[in-house]
Structures are given as C-alpha cells and as structure tokens.
Amino acid sequence: MRYENLIDGQWMGSERWAPNINPSDLGDVVGYAAMATPDMAEQAIAAAAHAFGAWSHSAIQQRAEILERVGLEIVARKDELGRLLAREEGKTLREGVGEVVRAGQIFKYYAQEILRPHGQHLPSVRPGIEIEVTSEPVGVISIITPWNFPIAIPAWKIAPALAFGNCVVFKPAELVPGCACALAEILSRSGLPHGVFNLVMGHGAELGPVLTTDPRVTAVSFTGSEATGRRIAQAAATAGKRLQLEMGGKNPLVVLDDAALDIAVDAAVQGAFFSTGQRCTASSRIIVTDGIYDQFLSAFVGATQRLRIGHALETNTDIGPAVDATQLDKNLRYVALGQEEGARLVTGGERVRAATNGYFMTPAIFADCRPDMQIARDEIFGPVATVLRARDDDHALALANDSGYGLSAGICTQSLAQATRFRRGLQAGMVMVNAPTAGVDYHVPFGGTKGSSSGPHEQGWAAREFFTTSKTAYIRA
Ligand code: UN1
C-alpha cells in the first residue's frame, strides 16, 4: 500500500517513501508513506488559505451533511479500519475497533453541534445602536497529532475545525500514516471542496517550522510530547498563532483504605497498562493508603501477571507491543533506572520473545516508590506503573498533586465525602471516581491543567472556543 499526501484535492507522492512497520511483527510492512517536503507543506497551506473564503461562508447544512457522511463511513468500516490501526500502532484489535468507532462518533457529533449555532443580539449602552456577537471561523489550522490515537485524536481536532468553517493542514505522526491516509481518503470523497482539508506526512523537524510559522496559518492544534509541545509553543507564539497544546501526563490514581478492591485493581490495570500504557491519560502513579496497601499491591500484581502479551491482532491479546524500538528502549531504560533509584520491581519489565518479532515487554510494577524518584515523576509512556505508599488521605492528596502535570486523576473510595473531597482537590483537568484515569467520552471537554495543556480544551462543546473567534458588530439601524 502506498500512502500519498492530499494537497488541494490532489494525491501527491514524493521522492522519499518511508516504510510503515507493524510493531507486533517487524517483518510485516503495512505500506509506504510519501514524505512531504516543506515546499509541499507550503502548497497545502496555500490551498487551505485559498479555500477558506468560500468554506468559511458555506451553509451549516452543507457542513453537517459532509461530517455526517464521514462519521457514518468510519463507523461502517470499523472492523477494517480498526484492524489497520492495530496493525500499524500495536494496540489490540478490540481497542483499535473501539477507537475507530469513537472517531466516527466524533464526526457525527460535530455534524449536529454545527447546527446549534451561537450568537447574541444585545442592546448597546448608546441610543440607536444594537449589538450582535457571532462566532466566526478562525482561518487555516495546522493540526499536528501523535501516534498513540491515530484516528481518534485527528478526528477530534479535524471534525470541529471543519464544522466551524476552518480549513485544515493535517500532519500525522510518521509512525501511523495508514490511519491518516484512510481518514484523508474518506474526507476526500465527502463533498469537501478542494483545499479545505489537506494531508502532509513527514518529519516534524522538517514540516513543523512551516506549519507553525507560515503567515497564512492562523492557529496550531498539537497533541504530543511535552518537549515538542514547548518547541512548537515557542515558534508559534513568536509567529502570533492561536495555540492549543495537549502534552503529557503523570496521572495519579489514588486508592483509599475503603476502596472496593476489585474496582480499584481493575482501574489500575486498565489505566496503567491498556494500550500498552501509551496514553497521556495513563494511570502511571498509583497512590495507595497504608491500610489497603499490601492487599491492593498483591491483587494488582496478580491481575497484571494474568495479562496476555502478544500480537495486537490476535484475539486473546490484552497488551500489544510498544510502538517502536525507541519507545521500547525508553521503557526498558526506565525499568533499569527504577531499580537503580531503589524502587522495588515486583513484576514485569522484561522483553518478551513472542511468535512474531515485535516490541513486546511484560507490564512492570514498581512498589515502594518515593515521590522524588524519576520513575515517579517522568512520563514514561509505556507499561510501567509506580506505586507509592501514603500515610493517610491528606498525604495521598498531597502526593497526587505533587507533579508538574495535571491531565487526569482518579480516586477509588466508597465514601461520598472522600470522593467529593478528592474530586475538588485533585489538580487535574479530568477526575475519575472509581474509574480508570484513561478512556474518555467524546461529547464533553477534554484537557488538563499545569504542564499538561495550554489553550482552550478540546472535544464536546468546548472545542468551539479554539476553533472560532467572536465578532462583535455595532449596528446603527
Ligand atoms: C483517552 O484516554 O481515552 O494522547 C484519550 C492521549 C490523549 C488521549 C487519551 N490525548 O493519550
């Protein structure tokens, strides 16, 4: 399969083609992606800028129908696209299909959301004048996405961008061109005028500067690592762009003495290890109060050891591979570092040889971690969980908030008073009560506080804030 760039409605190859390797089986080449040049990124931006005039004034009915069509096709092809996703990214088939359905639902949601226009008609403080406040499209948006949700994250940026009348230049992560192209192909047949949506694939280092600083780009929406996010923020802010950044997390899951053990263990296993821990919402710091610590730890270890590691497309696999060699090496380096730092490795952290040559490792649990250890502070983005012991509830809350990140946080307790206290006190954009910190709905706001996010939140009705700008009109009748 050859994946091409989509620029002004034309599919464009390139002189350089990068292989798309299945992380569950390195012998399986999923396809080859045409690497766009900075010049091609400029062409895509020019096309988007040109298309903006007409698209920004298009009827909301037209946009609704296009988005609805895209959403329906994505859902109808969930098995095929879920398989492609699992094959190129390495999350399990069940997770891949689930993510595809989520992406389709997002398009269908924004098909409806655009039919709920916002606007105000107000009196002026001056006689004879009336005021109208409307939401206007922003312009050309550069959308830069990570590999870990190859279709859902692009969907939750692209769908609202288009719904609110903007034009898009989309650069997916190099590791997942298959899903990006499948999405682009569906969009290209949806009735969108040429240039409204463009796809450019390539290295962030080459295309990023163009996408974040070109004068015709108005806004940049990015999800990815903190380091890249900070670089983008610097370049884009200097160039005067509107910015939306979703970066890392080191999300705490607090388990109090009175927690229902099975619910807490399930939340920890899912939150820490599903999708191979490759989620910015992963529960990577599990903070457990003294009275339940030993009991929780042994149940958590037991459940983790029962997880089946293997090829993402095999039906009985619970945990697929790391996405690539760099990520696997990073995970294993952190496992070694945790031991050097004096944390107790209770299970996992080893390379797994499976039937196919893939980037497999057993999920690792470090117990008795101190909050100052690097493994308890850095986002690892792999199946490595740290468990910290808290003296009491106050200590647990303080430990939970002792992080530069603030994306999601969880609390397991059967007490309404404790749930309320933690829900209010946890410094995070999303708080889960008796549920994993990862796995979110699409119709409500998504985003974090502190170092995790910057700019308006995504998804649900919140997306309107970033993808529109308000215009105030003063009208003398
Ligand atoms: C989820 O937990 O369902 O990159 C979504 C990430 C997040 C998305 C998490 N932006 O992992």
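In the predicted model, the ligand is surrounded by 13 residues, of which Arg102, Asn148, Cys280, Thr281 and Gly439 come nearest. Grouped by class, this shell comprises seven nonpolar residues, four polar residues and two charged residues.

Polar contacts to oxygen atoms of the ligand involve both side-chain and backbone atoms of the protein. Arg102 contributes through its side chain, in which an N or O atom is 2.8 Å from an oxygen atom of the ligand. Gly439 takes part through its backbone, with an N or O atom that lies 2.8 Å from a ligand oxygen. For Val440, a polar backbone atom is found 3.1 Å from an oxygen atom of the ligand. On its own, the ligand has 320 Å² of accessible area, and the protein covers 99% of this area.

The packing of helices was examined next. Two packed helices are described by the angle between their axes and by the distance between those axes. Helix H1, formed by residues 38-55, packs with helix H7, formed by residues 204-213, at an angle of about 30°, and the two axes are 9 Å apart. Because angles under 35 degrees count as roughly parallel, H1 is roughly parallel to H7. The crossing in which H1 passes H7 is right-handed.

A second pair consists of helix H12 (residues 393-401) and helix H13 (residues 416-425), whose axes are 11 Å apart and meet at a packing angle of about 25°. H12 and H13 are therefore also described as roughly parallel to each other. H12 passes H13 in a crossing that is right-handed.

Terms used
Residues are numbered from 1 along each chain as its sequence is written. This is a predicted model: local features need pLDDT of at least 70, side-chain atom pairs count only at pLDDT 80 or more; totals for chains, interfaces and linings use all residues. Side-chain values use heavy atoms; hydrogens and water are left out. A residue is near a molecule or strand if one of its heavy atoms lies within 4 Å of it. A polar contact is a pair of N or O atoms within 3.5 Å; within protein, one must be able to donate a hydrogen and the other to accept it, and residues adjacent in sequence count only if both atoms are side-chain atoms. Accessible areas come from the Shrake-Rupley method with a 1.4 Å probe; for residues, only the protein chains shown count as cover. Ala, Val, Leu, Ile, Met, Phe, Trp, Tyr, Cys and Pro count as nonpolar, Asp, Glu, Lys and Arg as charged, and the others, Gly among them, as polar. Axes are lines fitted to C-alpha atoms, for helices over the stretch in contact, and angles run from 0 to 180 degrees between N-to-C directions. Helices (H or I, at least four residues) and strands (E, at least two) are DSSP runs, numbered from the N terminus. Angles under 35 degrees count as roughly parallel, over 145 as roughly antiparallel, 65 to 115 as roughly perpendicular and the rest as oblique. A crossing is left-handed if the near helix is turned anticlockwise from the far one by less than a right angle, and right-handed if clockwise.
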